[in-house]
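Visitor: I have a model open beside me, and I would like to know how its labels are earned. Please take me through them one at a time.

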Amino acid sequence: MDWRQLRHSTLSRPDALAVGLERLILSGELAPGSRVPPERELAESLGVSRGSVREALRALASRGLVARRPGSGTVVLDPGATPRGDVLASGLDATGELLQVMEVRACIEPSVTARAARRATPSDIVQLHALLDAMRREPTRQEFTDLDRTFHRAIAQYTRNPLLLRLLDRVYEIGEPGRRKTSLSAARRRATIEEHQAILRAIEARDPEAARAASEAHLDSVLHRIEEQRKKSSAGDVENAGPAPSLG
């Protein structure tokens, strides 16, 4: 892994490292059980002090994202891990269609977003800004899709309720086959960023009801596009139907 991607020009070094590592964990690039390089090695790779690395890892440990174990180093934890999480999520239908997945998200995510508005820390908000900034930098289609999912997953993480995160992870997994087939036009990218910005603005303002409304508007927008696509397909308008719309 190229650890240089953790550099960030507008944050203090410890905050930049913490934000970058958190993004890798939430996106799954650093999987649960993975080991973070030793402090000295990571500091040398990034050209920063060991103190900056140590402070960043301490911040991640306090958030339950890594465990620092004497003699075995720093290990990535599963932010959604909970003894009962798999039991709750196992009731979901793994064969659910795209529309069904989005309807489940529409039932759950607005309340999750409202809770995040109450509980998100300043560091959490910095991370959401960093994710949104990355979405604006014209990433590839796959990178944009990964950033989109990470943005929503981060919001669930910031409720401080691992059961909610585990449940939404299961919903995202069910929708993943459909997500891989979705279209992602420039207009859709712009709309996604604007809708995410509205969600972030409400979370940053500590306004749960505005956060709920922004999340509802975002998911309703995606649902509307999916329903329109299904109508075109069922009407036999194959030429105009095109690929499925983005999950958002």
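Guide: Let me start with a term we need at once: a helix here is a DSSP run of H or I with at least four residues, numbered from the N terminus. Keep in mind too that this is a predicted model.

Visitor: Which residue just after α9 takes a positive phi?
Guide: That is Arg206, whose phi is about 60°. Helix α9 itself covers residues 186-204.

Visitor: How do you know that the length of α9 agrees with that of a helix?
Guide: Its 19 residues, at 1.5 Å a residue, should span 27 Å, and the C-alpha atoms at its ends are 27 Å apart, so the two values agree.

Visitor: Which residues of α9 are buried?
Guide: Among them are Ala191, Ile193, Ile199, Leu200 and Ile203, and the list also includes Arg188, Arg189, Glu195 and His196. Each has a relative accessible area under 20%, because that is what buried means here. For the chain of 248 residues, the buried share is 46%.

Visitor: What makes a set of residues a nonpolar core?
Guide: The members must be buried, of nonpolar type, and joined through side-chain atoms within 4.5 Å. By that rule the largest core here has 32 residues, and Val112, Leu128, Phe151, Ile155, Tyr158 and Ile203 have the most contacts inside it. Helices α5, α6, α7, α8, α9 and α10 each supply at least two of its residues. Apart from this core lies another one of 18 residues, including Leu30, Leu65, Val66 and Val76. As background, nonpolar side chains tend to be buried together in soluble globular proteins.

Visitor: Beyond its neighbours within four places in sequence, what is Phe151 in contact with?
Guide: Phe151 has Leu128, Leu131, His196, Ile199 and Leu200 as partners. Each of these pairs counts as a contact because heavy atoms come within 4.5 Å.

Visitor: How many helices and strands does the chain have?
Guide: There are 11 helices and three strands. The three strands form an open sheet in the order β1-β3-β2, with antiparallel pairing.

Visitor: Why are β1 and β2 called edge strands?
Guide: Each of them pairs on one side only. Helix α3, residues 50-62, packs on the sheet and touches β1, β2 and β3, and its direction makes about 120° with that of β2.

Visitor: How do you know that β1 and β3 pair, and that β2 and β3 do?
Guide: Pairing needs at least two bridges, so the test is a simple count. Strand β1 (residues 35-36) is joined to β3 (residues 73-76) by two bridges, and β2 (residues 66-69) pairs with β3 over four. Hence both pairs qualify. Looking at individual positions, Val36 stands opposite Thr74, Val66 has Val76 as its bridge partner, and Ala67 has Val75.

Visitor: Which residue in the hairpin of β2 and β3 takes a positive phi?
Guide: Gly71 does, with a phi near 90°; the hairpin has three residues between the strands.

Visitor: Why is Leu77 called partly exposed?
Guide: Its relative accessible area is 27%, and partly exposed lies between the 20% and 50% limits, so the label fits. Leu77 is in the loop between β3 and α4. Away from its close sequence neighbours, Leu77 is in contact with Ile25, Pro32, Gly64, Leu65, Val66, Ala67 and Arg69. Its C-alpha is 8.4 Å from that of Ile25, although 52 residues separate the two in sequence.

Visitor: What makes Glu55 partly exposed?
Guide: The same reasoning applies: Glu55 has a relative accessible area of 43%, which falls between 20% and 50%. Glu55 lies in helix α3 and has Ala18 at 8.5 Å, C-alpha to C-alpha, with their places 37 residues apart in sequence.

Visitor: And why does Arg230 count as partly exposed?
Guide: Its 40% relative accessibility sits between those limits as well. Arg230 belongs to helix α10; Leu99 is 131 residues away in sequence but 9.1 Å away in space, C-alpha to C-alpha.

How values were computed. Residues are numbered from 1 along each chain as its sequence is written. This is a predicted model: local features need pLDDT of at least 70, side-chain atom pairs count only at pLDDT 80 or more; totals for chains, interfaces and linings use all residues. Side-chain values use heavy atoms; hydrogens and water are left out. Buried means under 20% relative accessible area, exposed over 50%, partly exposed in between (1.4 Å probe, protein chains only). Axes are lines fitted to C-alpha atoms, for helices over the stretch in contact, and angles run from 0 to 180 degrees between N-to-C directions. The expected span of a helix is 1.5 Å times one less than its number of residues.
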